[in-house]
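Subject: Handover of a structure

Dear colleague,

Please find below the structure that I am handing over to you. My findings follow it, arranged by topic.

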Amino acid sequence: MATVLSVLAAEDYTIAREVLQRGFAVLFFIAFLSAWNQFPALLGEHGLTPAPRFIAATTADQAPSLFRWKRFTYSDRRLRIVCGIGMVTAATVVAGIPQAGPAWTTIPVFLLMWWLYFSISSIGQRFYGFGWESLLLEAGFLVGFLGSHEVAPSLLMIGFLRWFVVRVEFGAGMIKMRGDSSWRDLTAMDYHHQTQPMPGPFSRRAHLMPVWWHRGETLGSHVVQLIAPWLLFLPQPIASFAAAAIIITQLALVVSGNYAWLNWATILLAFAGISDSFFAWIVGGPWPGWGLSGLPGAEVAGASASTGALGSSQAFPLWWAILVTAFVVWQCVLSVPALRNLFSPGQLMNAGFNRWGLGNAYGAFGSMTESRDEIIIEGSLDPEATMDSGGWRPYAFKGKPGDVDRRSPIVAPYHLRLDWLMWFAALGDYRQAWFYRLLERIGSGDEQIRTQLGPDPFDGRAPALIRVRVFTYRYATGEERRQARREGAPRPWWVRSNPRTMVEPTDLRDR
């Protein structure tokens with residue numbers, strides 16, 4: 001029995017456990033903070049698509065949520081109570097408090113964060129319809145079962161988290177290969193940096209790189225997403241090198257765009273493939289206080305870490321082994337539909353197969369857009385203004401492109417939900433209720449919706465008229481920026497053209 005328990009104990013993954021648990025706690029904190037700041041304006045009692053109305057129109061089977069409890073029906077105040085509890089709970093994990101208790105103490109803490117955020121996400125409608133929501137929730141449901149410091153991480157849990165990486169990365173790679181010919185002919189990255197939903201400050205430089213660079217980016221993406229995840233199941237140090245490749249490519253995406261916590265969550269999951277021994281080899285010796293204490297650097301590179309942070313494999317009791325084994329078996333059963341989906345010609349992207357969002361299918365960018373359109377909402381204080389008259393001022397958003405002279409900001413891992421939906425609206429998704437209500441709220445000078453936008457061009461006053469135009473945007477070239485500097489003009493970040501009218505000048509003050 002002792003031999004069996006020692007096999008189930010992954011004592012060489014104590015650092016991975018710290019990164020996974022504390023890292024996902026940080027992401028939960030950010031997710032709750034995002035909901036605190038944005039949910040009331042977008043989905044609250046007086047939001048663009050009010051959650052109380054959605055709850056009344058759906059059932060608990062369709063959207064399970066704490067806010068369906070009769071004694072805790074939705075209000076903006078209760079939403080913020082939930083967010084506050086979630087942030088405090090996440091902070092305790094970051095500080096390592098639950099990890100200092102008995103083996104099981106991390107489980108209820110992570111399940112609490114999961115349930116609170118699940119209760120928010122399930123009623124979040126279009127504003128929460130992103131793959132990284134289910135990614136965070138599913139990971140949060142899992143990582144508590146890595147246990148506290150009292151026990152060694154479970155090898156079964158480490159293996160299952162690697163399977164999670166396969167679902168995320170291999171699923172994304174397959175959806176690309178099946179979805180768009182530009183991924184197959186290696187031209188996808190010719191467009192990606194310029195047309196992605198939320199560019200960052202380095203996206204322009206990435207877009208202006210030479211063609212051979214973009215071909216290498218696309219090919220490298222295929223190698224890492226289609227091959228590296230499976231290498232996680234090979235012996236060390238191959239698994240660690242595969243995990244490092246995934247982490248490096250995800251960091252490149254962090255630098256070149258803003259995808260909320262999608263890349264960071266994938267990075268954290270990839271740490272399930274990196275052993276303490278590999279960390280020690282990278283830094284030339286053991287990390288102070290984290291695993292492998294006392295082993296000389298020369299020996300660490302090939303060590304099995306039989307004396308990790310816990311001291312020995314005896315800290316893996318039978319009851320804990322049974323609990324974790326049963327949990328992993330249950331999760332494997334829930335993952336069967338996702339496994340079938342990976343190899344299905346009709347592969348689904350970011351799909352769930354049960355009401356609790358466990359065992360999901362993941363993926364991104366199954367199709368590429370080759371040009372960028374931006375919706376620009378403008379107001380005028382002149383009630384007689386026409387399309388051709390002056391005095392129109394644009395409403396700026398916090399993250400999405402608008403002002404052609406403005407450098408794209410760093411936003412992630414925070415998520416600007418309204419900005420993201422504006423990208424989808426420009427692709428044709430504007431025919432939804434939330435978009436027309438947004439125009440009405442902006443046109444009426446609504447204070448709540450102004451908190452989701454950039455600086456108010458009218459200092460809180462409602463515009464007499466509002467109009468909406470669409471432009472085609474592209475990055476300014478280096479020569480265009482140099483020419484502007486020679487002329488004493490601001491150096492443009494974007495160049496826009498092809499203006500089209502979406503909404504004629506309209507008075508929305510009384511709506």
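Please bear in mind throughout that this is a predicted model.

**The chain as a whole**

The chain contains 22 helices and four strands. Its C-alpha trace spans about 85 × 60 × 45 Å along the principal axes. A compact globule of 511 residues would have a radius of gyration near 24 Å, and the chain, with 25 Å, agrees with that expectation.

Of the 511 residues, 54% count as buried. The chain exposes about 21,200 Å², and carbon and sulfur atoms supply 62% of this area. As for contacts, if one takes those between residues at least 6 apart in sequence, 75% join residues at least 24 apart.

The chain carries 44 positive and 38 negative side chains. The centres of these two sets lie 2 Å apart.

**The sheet**

The four strands form an open sheet in the order β2-β1-β3-β4, with antiparallel pairing. Strands β2 (393-394) and β4 (494-506) stand at the edges; each has a single partner strand, so one side of each is left without a neighbour in the sheet. As general background, the strands of a sheet pair through backbone hydrogen bonds, and the pairing may be parallel or antiparallel.

It is convenient to go through the pairs in the order of the sheet. Strands β1 and β2 are joined in the antiparallel sense by two bridges. In one of these pairings, G379 has R393 in β2 as its bridge partner.

Next comes the pair of β1 (residues 372-380) and β3 (residues 465-475), which is antiparallel over nine bridges. Here G379 appears again, standing opposite I466 in β3. Two further positions may help you to follow the pairing on screen: E378 stands opposite R467, and I376 stands opposite R469. If you read these positions together, G379 faces I466 in β3 and has R393 as its partner in β2.

The remaining pair is β3 with β4, which run antiparallel and are joined by eight bridges. Within this pair, Y475 has W494 in β4 as its bridge partner.

How many residues of β1 and of β3 are buried? In β1, eight of the nine residues are buried, so the strand is largely enclosed by the rest of the structure. In β3, the count is 10 of the 11 residues, so this strand too is largely enclosed by the rest of the structure.

**Two cis peptide bonds**

Two peptide bonds ending at a proline deserve a look when you step through the loops. The bond from Q236 to P237 is cis, with omega near 5°. P237 belongs to the loop between α12 (228-231) and α13 (238-256). The bond from A412 to P413 is also cis, with omega near 10°. P413 is placed in the loop that runs between β2 and α19 (417-429).

**Two residues with positive phi**

L186 has a phi near 70°, which is a positive value in a residue other than glycine. This residue lies in the loop between α8 (181-184) and α9 (189-195). A260 likewise has a positive phi, of about 50°, although it is not a glycine. Its place is the loop between α13 and α14 (262-270).

Are L186 and A260 buried, or are they partly exposed? The cut-off for buried is under 20% relative accessible area, and partly exposed covers values from there up to 50%. L186 has 22% relative accessibility and therefore counts as partly exposed. A260 has 3% and therefore counts as buried.

**The surroundings of S134**

S134 is part of helix α6 (residues 131-143). Which residues does S134 touch, if those up to four places away in sequence are not counted? They are N360 and Y362. S134 and Q250 are 116 residues apart in sequence, and their C-alpha atoms lie 18 Å apart in space.

To begin your own inspection, I would suggest starting from the sheet and its order β2-β1-β3-β4, and then turning to the loops that hold P237 and P413.

Yours sincerely,

A colleague

Note on methods: Residues are numbered from 1 along each chain as its sequence is written. This is a predicted model: local features need pLDDT of at least 70, side-chain atom pairs count only at pLDDT 80 or more; totals for chains, interfaces and linings use all residues. Side-chain values use heavy atoms; hydrogens and water are left out. Two strands pair if DSSP finds at least two bridges between them. The radius of gyration is taken over C-alpha atoms; the globule rule is 2.2 Å times the number of residues to the power 0.38. Buried means under 20% relative accessible area, exposed over 50%, partly exposed in between (1.4 Å probe, protein chains only). Contact means heavy atoms within 4.5 Å. Accessible areas come from the Shrake-Rupley method with a 1.4 Å probe; for residues, only the protein chains shown count as cover. Lys and Arg count as positive and Asp and Glu as negative; His and the chain ends are not counted. The place of a charge is taken as NZ of Lys, CZ of Arg, CG of Asp or CD of Glu.
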